[in-house]
Amino acid sequence: GARIKLNSVGKPLIGLNEKIINQETNQEVSYNQEGIICYSGDTTMIRYFDEDIYNKNINNNKGKQQKIIDDNGVEWLCTGSKGYIDEDGYVFLTGRNSYIITYEAEGSPIKIYTDMIRNKICECNAIDNCVVVGQKVDDYRSYAPKVYITLKYGYVYDEELRKILIEKCKTELSLSALPNSIECIASMPLTDAGKINYIYLEQMANKESINTPAVFKKRKK
């Protein structure tokens, strides 16, 4: 029978090629090195539904590229998922591609990887979920991190917890990655597919007219 590897999502289907690329250079990395998972083949999707609306609402497109073309003219679909491939061609998922916020400091753009902020905040036992989006701070497409959190049942977002989170960010994150603010909400807005609705949170953070539908689920006790 087919070989199965623990924690792997398996191999690509017949007719699909796979590779892992470095997010900054778009160059393929070696086996067992983490990067962005990409696929090519006749059965890959053409584009996202409502792609123009999707791109318009995500500032700087958050560092997400849907497709790249390599030196041989082959078009690759970037999945937005992070992972690695072993020597046998098995794919292992490690997470989602971090949203990127661009902050202008004295004329020089600084990239802030939001996963880094999220991971630090989620280390706190009280945190159920955390999302970091870009909050516009000036008229020159400069954004600072805005953090939304939900709490586990039984916890309260009081002054003590707020100070704990702020102090953790100050001591474990770079100055440019410090959140502009941390806001506790009752539940995360979801898309119809059940994924977190980043566009909704971005529009809320920037006090824009919210033009994307969202689903809110009641938190289980």
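## Loops, sheet and cores of a predicted chain

Asn26 lies in the loop between E1 and E2. Names such as these refer to DSSP runs numbered from the N terminus, with helices (H or I) of at least four residues and strands (E) of at least two. The structure is a predicted model in which local features need pLDDT of at least 70 and side-chain atom pairs count only at pLDDT 80 or more, while totals for chains, interfaces and linings use all residues. Residues are numbered from 1 along each chain as its sequence is written, and side-chain values use heavy atoms, with hydrogens and water left out.

**The loop between E1 and E2**

Asn26 is not a glycine, yet its phi is positive, about 65 degrees. Asn32 is found in the loop between E1 and E2, and its phi is near 70 degrees, again a positive value in a residue other than glycine. Most residues other than glycine have a negative phi. Asn26 is partly exposed, with a relative accessible area of 25%, and Asn32 counts as partly exposed at 39%. Here buried means under 20% relative accessible area and exposed over 50%, with partly exposed in between (1.4 Å probe, protein chains only).

Strand E1 (residues 17-21) is mostly covered, with 4 of its 5 residues buried. E1 pairs with strand E2 (residues 35-40) in the antiparallel sense over 5 bridges; two strands pair if DSSP finds at least two bridges between them. Within this pair, Asn17 stands opposite Ser40 in E2.

**The whole chain**

The protein chain has 4 helices and 10 strands. In sequence order they follow the pattern β-β-α-β-β-β-β-β-α-β-β-α-β-α. Of its 221 residues, 39% count as buried. Contact means heavy atoms within 4.5 Å. Among contacts between residues at least 6 apart in sequence, 59% join residues at least 24 apart. The chain exposes about 13,800 Å², and carbon and sulfur atoms supply 50% of this area; the value comes from the Shrake-Rupley method with a 1.4 Å probe.

**The sheet of E8, E9 and E10**

An open sheet of 3 strands has the order E8-E9-E10, with mixed pairing. E8 and strand E10 (181-184) stand at the edges with a single partner strand each, so one side of each has no neighbour in the sheet. Direction ignored, neighbouring strands are turned by 25 degrees against each other on average.

E8 and E9 pair in the antiparallel sense over 9 bridges. One of these links Val132 with its bridge partner in E9, Val147. H2 lies across E8 and E9 and runs at about 145 degrees to E8. H4 also packs on the sheet, where it touches E8 and E9, and its direction makes about 60 degrees with that of E8. For such angles, axes are lines fitted to C-alpha atoms, for helices over the stretch in contact, and values run from 0 to 180 degrees between N-to-C directions.

**The nonpolar cores**

A nonpolar core is a set of buried Ala, Val, Leu, Ile, Met, Phe, Trp, Tyr and Cys residues joined through side-chain atoms within 4.5 Å. The largest core has 19 residues, of which Ile117, Ile121, Ile127, Cys130, Val147, Ile149 and Leu165 touch the most other members. Two or more residues each come from helix H2 (114-122), strand E8 (127-136), strand E9 (143-151) and helix H3 (159-172). E9 gives the largest share, 4 residues.

Leaving aside neighbours within four places in sequence, Leu165 is in contact with Ile121, Cys124, Ile127, Ile149, Tyr157 and Ile182. Another core, of 7 residues, lies apart from the largest one and includes Val131, Tyr148, Met188 and Leu201.

**Helix H4 and its two ends**

H4 is largely enclosed by the rest of the structure, because 6 of its 8 residues are buried. These are Ile199, Tyr200, Leu201, Glu202, Gln203 and Ala205. Asn197 caps the N-terminal end of H4. Asn206 is found in the segment after helix H4 (198-205).

The table gives polar contacts made by these two asparagines. A polar contact is a pair of N or O atoms within 3.5 Å; within protein, one must be able to donate a hydrogen and the other to accept it, and residues adjacent in sequence count only if both atoms are side-chain atoms.

| Side chain | Backbone partner | Distance |
|---|---|---|
| Asn197, oxygen | Ile199, nitrogen | 3.3 Å |
| Asn206 | Gly134, oxygen | 3.1 Å |
| Asn206 | Glu202, oxygen | 2.9 Å |

Beyond its neighbours within four places in sequence, Asn206 is in contact with Gly134, Gln135 and Lys136. Lys207, just after H4, takes a positive phi of about 55 degrees.
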